[in-house]
Amino acid sequence: MVASSFNDAASLPHGHARKPKWYRSTYYNALILGVCNFLAPGIWGAMNSLGAGGQASPHLVNAANSLTFCLMVLSCFFSSVLVNLIGIKFVLIIGTMGFAPYAAGLYTNNRFGTEWFVLFGAALCGLSAGLFWMSEAAIALSYPEPYNQGKFLGFWLTFRVMGQLIGGAVNLGLNVNEGHAGKVSYTVYIVFIVLQSIAPFAGLLLTPPKKVERTDGRAVKLEIQGSNKKELIATAKLFCTREFLLIVPLIAQAVYSEAVMFTYLSLWFSVRARALGSFLSAIVALTGGNILGWFLDRKWIDLKVRARGAFAFIMITQGGWWIWSTILTTRFDRTRPSFDWTDDGFASAFTLFLVLVLAFQLQYLYLYFVVGHLARSPEEVVRLAGLLRGTESAAQAVSYGLGSVNSFAVVGGSAVNFGLWGVAIIPAWFVVKEIGGKLGDRREERERAVQEEAEKEQGTASIAGSANEKVSV
């Protein structure tokens, strides 16, 4: 059913039906990108969704995650230079390699109490994850047909949530009788390490951009040309543009919540309740993300209506969730509960975690929709993907860093997120209201320019070929 939605010729805007080879189609590449996402950051998310990486206390893991995101800021910024040197596919593969050492660090800490390996693994994860996050974002924004962009994003991010889903299911099965606070079984981490070690091999199956075949017949261009110095200057200039600076608070607010909600889960719930939270929140996020992706692809709804409607829904509900979160965490700071699913008050506290995860998924997907309509060229897609992921990483480094401080982890995170929500609304609106208006449809304009360039190159090659034939005759 998902496959048919990606390759539905009836949905083509101009009737240019084309049947691509299955192993070069956008659906196939969405699947491969999703598998890589599941095996690398998806499993990382599975560990996080257990609350503090599954540990009894969140403080060491929050400090490690803060280190990871600090290093990701650097690797994201320089990632376009690496694309210039080795191409987007191999940047993605290198980006998958640092996740397994972090899982190994959590394993040794859980079983033997080793702390240095957690920080070492977090550093390796940060150096590689920035490359992965940039490259997967650029691929997700460039490979699919314009009318399949939302479905591609939803399908791709589904795999990230599936890591959380499977991790929660495994942990729930192993800890179903653990109705008290504490850390999860170390056996869980062995499964995680094995899965993350497979990720680089999955990346080898991705189709290079030039060989991707789309149902609309358009070429995919995703490369950087020119010197590394010029590329870094171009990236810095793009960061300073009006449109990007105005959405920086929105990016920060969207991702700051990740540390807050998983710290919340680790502080106030039993081991098996945390496992249940990991499992159920994945289902909620998976469903909500795909519904939003479907809505964003509805071409019969004007682009500016889709952009503004999704923004209004996401931001209004976000405000409600953070008010609720601030009230509950303030109460828990006094009462110090440890909820199991048999306890009074569990339903209200647990539901908050589920809606926070849903809100994170919706806003995260929407960010890609917005950024996809800011880039004017394939080169800007790569640069904006790096800047988006670098800004995310900076916000998450602060979030996890503050979450490692006990006094702040309890209540402060919700209050800061609520404040960021208030700061982000107006600047982001100045950009969102121009999508489909003053900014036009930059995604479609970018696609058309790439296709015209490809046709021009093909025409030039045909003329040269004809000339050579005449000379030989």
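## A walk through the predicted model

Start by selecting Glu-213 and Arg-24: their side chains meet in a salt bridge, 3.9 Å from N to O. Keep in mind as you go that this is a predicted model. The two residues sit 189 apart in the sequence, with Glu-213 in the loop between α9 and α10 and Arg-24 in the loop between α1 and α2. Arg-24 counts as partly exposed because its relative accessibility is 24%, whereas Glu-213, at 11%, counts as buried.

Now add Lys-21 to the selection. Lys-21 also forms a salt bridge with Glu-213, and here the closest N and O atoms are 3.5 Å apart. This pair spans 192 residues, again from the loop between α1 (2-6) and α2 (26-49) to the loop between α9 and α10 (228-239). Lys-21 is partly exposed, with a relative accessible area of 40%.

Next stop: Glu-231 and Arg-383. Their salt bridge brings the closest N and O atoms to 2.9 Å. Glu-231 belongs to helix α10 and Arg-383 to helix α15 (residues 378-403), so the pair ties together parts 152 residues apart in sequence. Buried or exposed, this Glu-231? Buried, since its relative accessibility is 2%. Arg-383 is buried as well, with a relative accessible area of 15%. Looking back at the previous stop, salt bridges with shared partners join Lys-21, Arg-24 and Glu-213 into one network. The whole structure has twelve salt bridges.

### On to the rings

Color the aromatics: there are 31 aromatic pairs to find. Try Phe-77 and Phe-78, an edge-to-face pair with 5.3 Å between centres and 90 degrees between planes. Phe-77 is partly exposed at 30% relative accessibility, and Phe-78 is partly exposed at 43%. Then go to Phe-99 and Phe-132, where the centres are 6.2 Å apart and the planes are at 80 degrees, so this pair is edge-to-face. Phe-99 is in helix α6 (residues 99-112) and Phe-132 in helix α7 (residues 116-142), 33 residues apart. Both Phe-99 and Phe-132 are buried.

For a bigger selection, pick Tyr-264, Trp-268, Phe-269, Phe-332, Phe-339, Phe-346 and Phe-350, which form one aromatic cluster.

### Into the core

Which residues touch the most other members of the largest nonpolar core? Among its 130 residues, they are Tyr-102, Tyr-264, Phe-269 and Tyr-366. Helix α14 (residues 346-372) gives the largest share of this core, 19 residues. Zoom in on Tyr-102: beyond its neighbours within four places in sequence, its contacts include Trp-44, Met-47, Val-61, Val-118 and Cys-125.

### A loop and a patch

Select Arg-336, in the loop between α13 (303-335) and α14. Check its backbone: phi is positive, about 50 degrees, though Arg-336 is not a glycine. Most residues other than glycine have a negative phi. Arg-336 is partly exposed, with a relative accessible area of 48%.

Finish on the surface. A nonpolar patch of about 1000 Å² is made by Leu-85, Ile-86, Phe-90, Ile-94, Met-97, Tyr-186, Ile-190, Val-194, Ile-198, Phe-201 and Leu-204. The elements giving two or more residues to the patch are α4 (79-86), α5 (88-95) and α9 (187-203), and α9 makes the largest contribution, with four residues. Click Phe-90 in helix α5: at 45% relative accessibility, Phe-90 counts as partly exposed.

How values were computed:
Residues are numbered from 1 along each chain as its sequence is written. This is a predicted model: local features need pLDDT of at least 70, side-chain atom pairs count only at pLDDT 80 or more; totals for chains, interfaces and linings use all residues. Side-chain values use heavy atoms; hydrogens and water are left out. Patches are made of residues with over 30% relative accessible area and no salt bridge: like charges are joined within 9 Å, nonpolar side chains (Val, Leu, Ile, Met, Phe, Trp, Tyr) within 5 Å. Accessible areas come from the Shrake-Rupley method with a 1.4 Å probe; for residues, only the protein chains shown count as cover. A salt bridge is a side-chain nitrogen of Lys or Arg within 4 Å of a carboxyl oxygen of Asp or Glu. Buried means under 20% relative accessible area, exposed over 50%, partly exposed in between (1.4 Å probe, protein chains only). Rings of Phe, Tyr and Trp (its six-membered ring) pair if their centres lie within 6.5 Å; planes under 30 degrees apart count as stacked, over 60 as edge-to-face and the rest as tilted. A nonpolar core is a set of buried Ala, Val, Leu, Ile, Met, Phe, Trp, Tyr and Cys residues joined through side-chain atoms within 4.5 Å. Contact means heavy atoms within 4.5 Å.
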